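Reader: I am new to reading models like this one. May I ask how the terms are justified, one at a time?

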Amino acid sequence: MDGKSIKDALPALLGLVFGIALIAGAWNLPPSRFEPMGPAGMPRIVGIALIVLAALETIRVARLQPTKPIETPDEPLQDTRVTARKGLGLIVFVVLTFGYLAIVSLGWLSFIPASVLFLFSTGLVLTKTRSAKTLLLLAVVALVIGAGSSRVLQDVLLVRFPGA
Amino acid sequence: MQPLFQSFSDLMGALPIFYIALGSVLGVTVGAIPGLGAAMLISLMLPLTYYMDSTIAIIFLVSIYVGSVTGGLISATLLRMPGTPSAIMTTLDGYPMAMKGQAGRALSLGIFASFVGGLISWGFLALLSPPLAKLALGFGPYEYLALVIMALVTISAVSSGSLMTGLIGAMIGFAIAMVGPDVASATMRLTFDSDALNTGFRLLPTLLGVFVISQVIEDILDQKPVAQQASARLRDVMPRLGDTFRHGVNLIRSSVIGTWIGILPGVGSAVAAIVSYSVARTSSKTPEEFGTGSEEGIVAAESANNASVNGALVPLIALGIPGSVVDAILIGALTIHDLQPGPGLFTNRPEVAYGVITSAFIANIFVFILMLLGSGLIARLCTIPKSFLLPSVVFFCVVGVYSSTSSMFDVWVMFAFGIFGYALRRFGIPIGTFVLGYILAPIGESELRQGLMLYDGSLAPLFTRPFALGFLFIALFMAVGPKLVSTLRKQRATAGDRITDN
C-alpha cells in the first residue's frame with residue numbers, strides 16, 4: 001500500500017473548499033418558479049457531492065500506512081543546483097509572462113513589439129547555452145513568430161490586437 | 001451506406017484533402033514531440049478553426065487526433081520518450097529494438113500495426129455510429145443523464161490516482177462550468193458580483209489554460225535530457241507482407257480490444273495500449289521477450305492505441321458523449337461551431353457526422369504514408385530545444401484566445417487556469433476528469449432539469465428506464481468492480497495458501 005503524506009490530503013481539501021464555495025454561492029439565488037429545481041439546485045447538488053467526496057477521500061487517506069522516513073544519501077550538489085535553476089527559470093518565466101500581459105493590457109507597448117520582446121526574453125531564460133549563434137537564432141524566431149504571425153493575423157484575418 | 005459514399009465524394013476536393021493532410025502532418029509531428037500532444041494541439045488550433053467552414057474545421061481537428069496518436073511511436077522508439085501517453089507501452093519494446101540496431105524494423109511494425117488498427121476500428125466506427133445514433137434518438141433526458149454519470153465515473157475510475165480524486169476533479173469541472181448565466185432561467189450564478197464573470201468561463205481560455213499553459217509550466221520544470229538517439233533507414237521502415245500473417249491474430253485481437261476500450265466513455269488510448277499489451281503477453285509463446293524488444297509487444301500496443309481513436313469517436317458522434325479527453329475538446333469544437341453534438345448530428349448535419357467518419361479513414365492513410373516517408377525527419381524535430389518551443393506555445397495561446405474573444409480578460413483567465421491546472425496536477429487530481437466535468441456539466445444539468453420537468457419532479461425513471469439503468473449499472477461496476485475483483489482475488493489467494501499449509 002502507498003504511504004501517506006500531506007500531499008495526499010490536498011485533493012480532499014480542494015474539494016471541500018470548492019464544495020463550501022458552491023453552497024455559499026448558491027445561498028442567495030432565487031427559488032424556481034417554473035420548474036422543480038431552479039438555478040440553485042445544481043450548485044447545491046455538486047457542492048454537497050464535493051463535500052461528501054472530500055470526506056470519503058479523507059477517510060481513504062487516513063487509512064493509508066504512514067510513510068516511514070527513508071534514509072537517503074544526501075542529494076548531490078549538482079542535482080540541487082539543477083532543480084534550483086529550473087525553479088528560478090520558472091519564476092522568471094512566469095514574471096515575464098505576467099509582465100508581457102500587463103504591458104499589453106495597459107497599452108504601454110503595442111502587441112507586436114511586446115510579443116517579440118517576450119519571445120526573445122523567455123527563450124533566453126530557458127536556454128542552456130547562450131552562445132552568439134543561439135542568441136541570433138532566438139532573435140530570428142522571436143521576429144518571425146512574434147512579428148510575422150501577428151501581421152498575418154492582423155492583415156489576413158483582420159484581428160485587431162491591443163495597441164495596434 | 002449512401003451518405004458515407006457521398007461524404008467520401010465531398011471530401012475528395014482540394015480543400016478538404018489539404019486540411020486532412022495538414023492535420024495529419026501537424027498531428028504526427030506534435031504527437032512525436034514529448035510534452036506536446038493531441039489535446040494541446042487541438043486546443044491551440046480551435047481559434048484558427050473559427051475562420052473555417054464547420055465541416056472543414058471538424059475534419060481538420062479529427063485528422064490531428066488520428067495523426068497524434070501514431071506520432072508518439074517515433075519518439076518512443078527512437079528516443080525512449082513516449083510522445084503521447086498512449087505510446088508508453090511501445091517504448092518498452094521499441095527502444096530496446098532500436099538499440100539493437102533494429103530501429104527501422106521496430107518503426108515498420110509500429111506503423112503497420114497503427115495502420116491496421118486504424119482500419120479495423122474504422123470499420124466499427126462506420127458500422128456502429130449511424131445505428132447507435134438512430135437508437136439514441138429515442139433516448140430521453142434521464143438516459144443522457146445516466147450516460148453523463150457513466151462517462152464521469154468511468155474516466156475517474158481509470159485515470160491516475162484514486163476514484164475519489166478523479167471524481168473530485170470532475171465535480172470541480174462541473175463547478176467551474178456553472179459560473180455565469182443559468183442554462184434555463186439565465187439567472188447569474190456564482191459570479192460573486194463580478195461583472196467580468198457574467199459570461200462565465202469560456203471554453204477556449206479554460207481549455208488552453210488547463211491543457212497547454214499547465215503543460216508548459218510542467219515542461220519548464222521537467223526538461224529531460226534526450227536519450228541516445230537511434231536512426232532508421234527508409235528501406236527498413238517499409239512494411240513486409242509476411243508481418244501481416246505472422247502477427248495477424250495479434251493485430252486483429254489488439255485492434256478489437258482497442259476499439260472497444262475506446263468506445264467506453266472517458267477511457268483513453270493509453271489504457272487500450274496497456275490492456276492489449278497485457279493480453280498479448282499472456283497469450284504469447286515468448287512472454288519473456290516482452291520489455292526487451294518484442295515484436296508482438298509493439299504490434300499489440302500500436303494497433304490498440306490507434307484503434308481506440310476511432311472507437312472513441314463512436315460515442316462522440318452517435319451520442320454526443322466523449323470517448324476520451326480529446327473527444328471532450330472535440331465536443332467543445334462542435335459547440336463553438338454551433339453544432340449540437342449527439343444523435344441529431346446525423347439528421348441535422350449529416351455532412352459533419354459522416355465527415356468525421358470519412359476524415360478518420362483518409363487521415364489514417366495519410367498518416368501511414370507520412371510515417372513511412374518522414375519518420376526520420378520527424379524524429380529530428382523532437383530534439384528542438386524547449387527554449388524555442390515553449391515561449392512560442394505561450395504566444396500562440398495568447399493570440400488564439402485574444403483573436404477569438406477580443407478580450408484581454410480572457411487571456412488572464414487562461415493564465416489563471418494554467419496555474420490552476422498545474423496545481424491540480426501537483427495535487428494528484430487528473431486534469432482529464434476536470435475537463436470532462438467542465439464539458440459535460442451543461443449537458444448533465446439541462447438533462448436533469450428536463451427530466452424533472454417531464455416526470456413531475458420524480459427521479460424514479462432514472463432507475464426504471466432500461467437504458468438509463470443499464471448505464472448506471474456500468475458506472476457502478478466501473479466504480480466498485482476493480483476493488484471487488486481484487487478483494488475476491490486476495491480472498492482466493494488466502495484460501496489457496498491455507499489449503500497448501502494444511
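Author: Start with a caution on terms: UniProt annotations may be inferred rather than shown by experiment. For chain A, an unreviewed UniProt entry lists residues 12–29, 41–62, 83–102, 108–127 and 134–153 under "transmembrane region". The model itself is predicted.

Reader: What makes residues 41–62 of chain A helix or strand?

Author: Helices are DSSP runs of H or I with at least four residues. Over residues 41–62 of chain A, the share is 100% helix and 0% strand, with the end C-alpha atoms 32 Å apart. Residues 108–127 of chain A are 80% helix and 0% strand, and their end C-alpha atoms lie 27 Å apart.

Reader: Which domains does chain A have, and how far apart are their centres?

Author: The domain assignment gives domain 1 (3–66) and domain 2 (77–155). Taken over C-alpha atoms, the centres of domain 1 and domain 2 of chain A are separated by 39 Å.

Reader: Why is A:Thr122 called buried or exposed?

Author: Buried means under 20% relative accessible area. A:Thr122 has 0% relative accessibility, so A:Thr122 counts as buried. A:Thr122 belongs to helix α4 (residues 111–126) of chain A. Apart from neighbours within four places in sequence, A:Thr122 is in contact with A:Phe93, A:Leu96 and B:Pro391.

Reader: How do you know how chain A and chain B meet?

Author: Contact means heavy atoms within 4.5 Å. By that rule, 65 residues of chain A are in contact with 55 residues of chain B. The size of an interface is often given as the accessible area lost when the parts come together. Here chain A and chain B bury about 5,000 Å² between them, 84% of it on carbon and sulfur atoms. A:Met42, A:Leu101 and A:Leu126 supply 11% of the area that chain A buries against chain B, more than any other three residues.

Reader: How many salt bridges does the rule find across the interface of chain A and chain B?

Author: Zero. Over all chains, the structure holds eleven.

Reader: What makes B:Arg202 and B:Asp410 a salt bridge?

Author: The rule asks for a side-chain nitrogen of Lys or Arg within 4 Å of a carboxyl oxygen of Asp or Glu. For B:Arg202 and B:Asp410, N to O is 2.8 Å, and the pair is a salt bridge. B:Arg202 is in the loop between β2 (188–189) and α8 (203–221) of chain B, and B:Asp410 is in helix α18 (residues 408–427) of chain B, so the pair ties together parts 208 residues apart in sequence. B:Arg202, at 35% relative accessibility, counts as partly exposed, whereas B:Asp410, at 3%, counts as buried.

Reader: How do you know that B:Arg189 and B:Asp182 form a salt bridge?

Author: The limit is 4 Å, and the closest N and O atoms of this pair are 3.6 Å apart. Both B:Arg189 and B:Asp182 are buried. A network of salt bridges links B:Asp182, B:Arg189, B:Glu445 and B:Arg449.

Reader: Why are B:Leu4, B:Ser7 and B:Phe8 said to be on the same side of α1(B)?

Author: These three residues are buried in helix α1 (residues 2–10) of chain B. They cover an arc of only 100° around the axis, which puts them on the same side of α1(B). An α-helix has 3.6 residues a turn, so residues three or four places apart point the same way. The face of α1(B) turned away from the buried side carries the exposed residues B:Gln2 and B:Phe5.

Definitions and conventions: Residues numbered from 1 in each chain as written. Chains lettered and ligands numbered in written order. Predicted model: local features only at pLDDT ≥ 70, side-chain atom pairs only at ≥ 80, totals over all residues. Heavy atoms only, no water. Domains from an automatic or database assignment. Helix = DSSP H or I, 4+ residues; strand = E, 2+ residues; numbered from the N terminus. Buried < 20%, exposed > 50% of the residue type's maximum accessible area, 1.4 Å probe, protein only. Arc of directions from axis to C-beta. Buried area = accessible area lost by both parts, 1.4 Å probe.
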